[in-house]
Amino acid sequence: MSVSALDALQLHAALAAGTEDLAARFFDRTADVIEPVWQLTVGSDFAHDATTGPKPPGTDLFNRYMDRLIPTAHDNDYVAEELKRVIRLQQDPTKLLAPGVLARVLAPNWLTAQGET
């Protein structure tokens, strides 16, 4: 539903710019909305052995990272908030790889020793 709502906003913007080449402009705009969601969905499917087909590059590495990120989000408010923003489609999934999140996921004990959470 979130993708549909974001696509509706893109349709509104495309219509506001006129009807010439409307379909092409609309689909160009929605590609930016759909692509990150599609990549997350396809990538997470490959966590299951029964999934077949071409696997996007980096899928296994990202899935292993997510296996650490999700439990970290249970205990770390910063990581939890960033994950919620991605799930709500408020920010791109690449934000989960930002230094502040990455450090909390990969080196949580080191950050705790530094006095950060």
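In this predicted model, the largest nonpolar core has 11 residues. Its members are Tyr 65, Met 66, Leu 69, Ala 73, Val 79, Ala 80, Leu 83, Val 86, Leu 96, Val 101 and Val 105. Three helices each supply at least two residues of this core: α3 (59–75), α4 (77–87) and α5 (99–106). In soluble globular proteins, nonpolar side chains tend to be buried together. Leu 69 is one of the core residues. Sequence neighbours within four places aside, Leu 69 is in contact with Val 79, Leu 83, Leu 96, Val 101 and Val 105.

Helix α4 has five buried residues to consider: Val 79, Ala 80, Glu 82, Leu 83 and Val 86. Around the axis they cover an arc of only 165°, which puts them on the same side of α4. Val 79, Ala 80, Leu 83 and Val 86 also belong to the largest nonpolar core. The buried residues of α4 pack against α2 (22–45), α3 and α5.

Both ends of α4 can be described. At the N-terminal end, Asn 76 acts as a cap. One of its side-chain oxygens lies 3.0 Å from the backbone nitrogen of Tyr 78. After α4 comes Leu 89, whose phi is positive. The value is about 65°, although Leu 89 is not a glycine. Leu 89 lies in the loop between α4 and α5. With a relative accessibility of 27%, Leu 89 counts as partly exposed.

In α5, the buried residues are Val 101, Arg 104 and Val 105. Their arc around the axis is only 95°, which places them on the same side of α5. Val 101 and Val 105 are members of the largest nonpolar core, and both are in contact with Leu 69. Arg 104 takes part in another arrangement. Its charged end sits over the ring of Tyr 78, 4.2 Å from the ring centre. Tyr 78 is thus described twice: its ring lies under the charged end of Arg 104, and its backbone nitrogen faces the capping oxygen of Asn 76 at 3.0 Å.

Aromatic rings come next. The structure holds 2 aromatic pairs. In the pair of Phe 62 and Tyr 65, the ring centres are 6.2 Å apart and the planes stand at 45°, so the pair is tilted. The two residues are 3 apart in helix α3, a separation of about one helical turn. An α-helix has 3.6 residues a turn, so residues three or four places apart point the same way. Burial is not shared equally by the two. Phe 62 is partly exposed, with a relative accessible area of 21%. Tyr 65 counts as buried at 8%. Tyr 65 also belongs to the largest nonpolar core.

The N-terminal part of the chain offers further sites. Helix α1 covers residues 2–16 and includes Ser 2. Ser 2 counts as partly exposed, at 38% relative accessibility. Ser 2 and Lys 84 are 82 residues apart along the chain, and their C-alpha atoms are separated by 13 Å. Gln 10 also has its place in α1. With 19% relative accessibility, Gln 10 counts as buried, the cut-off being under 20%. Beyond its neighbours within four places in sequence, Gln 10 is in contact with Phe 26, Arg 29, Thr 30 and Val 33.

Asp 21 is found in the loop between α1 and α2. Its phi is positive, about 55°, although Asp 21 is not a glycine. Asp 21 is exposed, with a relative accessible area of 54%.

Gly 58 lies in the loop between α2 and α3. At 47% relative accessibility, Gly 58 counts as partly exposed. Two C-alpha distances place this residue within the model. Gly 58 and Gly 43 are 15 residues apart in sequence and 8.8 Å apart in space. Gln 10 and Gly 58 are 48 residues apart in sequence and 29 Å apart in space.

Note on methods:
Residues numbered from 1 in each chain as written. Predicted model: local features only at pLDDT ≥ 70, side-chain atom pairs only at ≥ 80, totals over all residues. Heavy atoms only, no water. Core = buried A, V, L, I, M, F, W, Y, C linked by side-chain atoms within 4.5 Å. Buried < 20%, exposed > 50% of the residue type's maximum accessible area, 1.4 Å probe, protein only. Helix = DSSP H or I, 4+ residues; strand = E, 2+ residues; numbered from the N terminus. Contact = heavy atoms within 4.5 Å. Arc of directions from axis to C-beta. Polar contact = N/O pair within 3.5 Å; in protein donor to acceptor, adjacent residues only side chain to side chain. Phe/Tyr/Trp six-rings, centres within 6.5 Å; stacked < 30°, edge-to-face > 60°. Lys NZ or Arg CZ within 6 Å of the ring centre and 35° of its normal.
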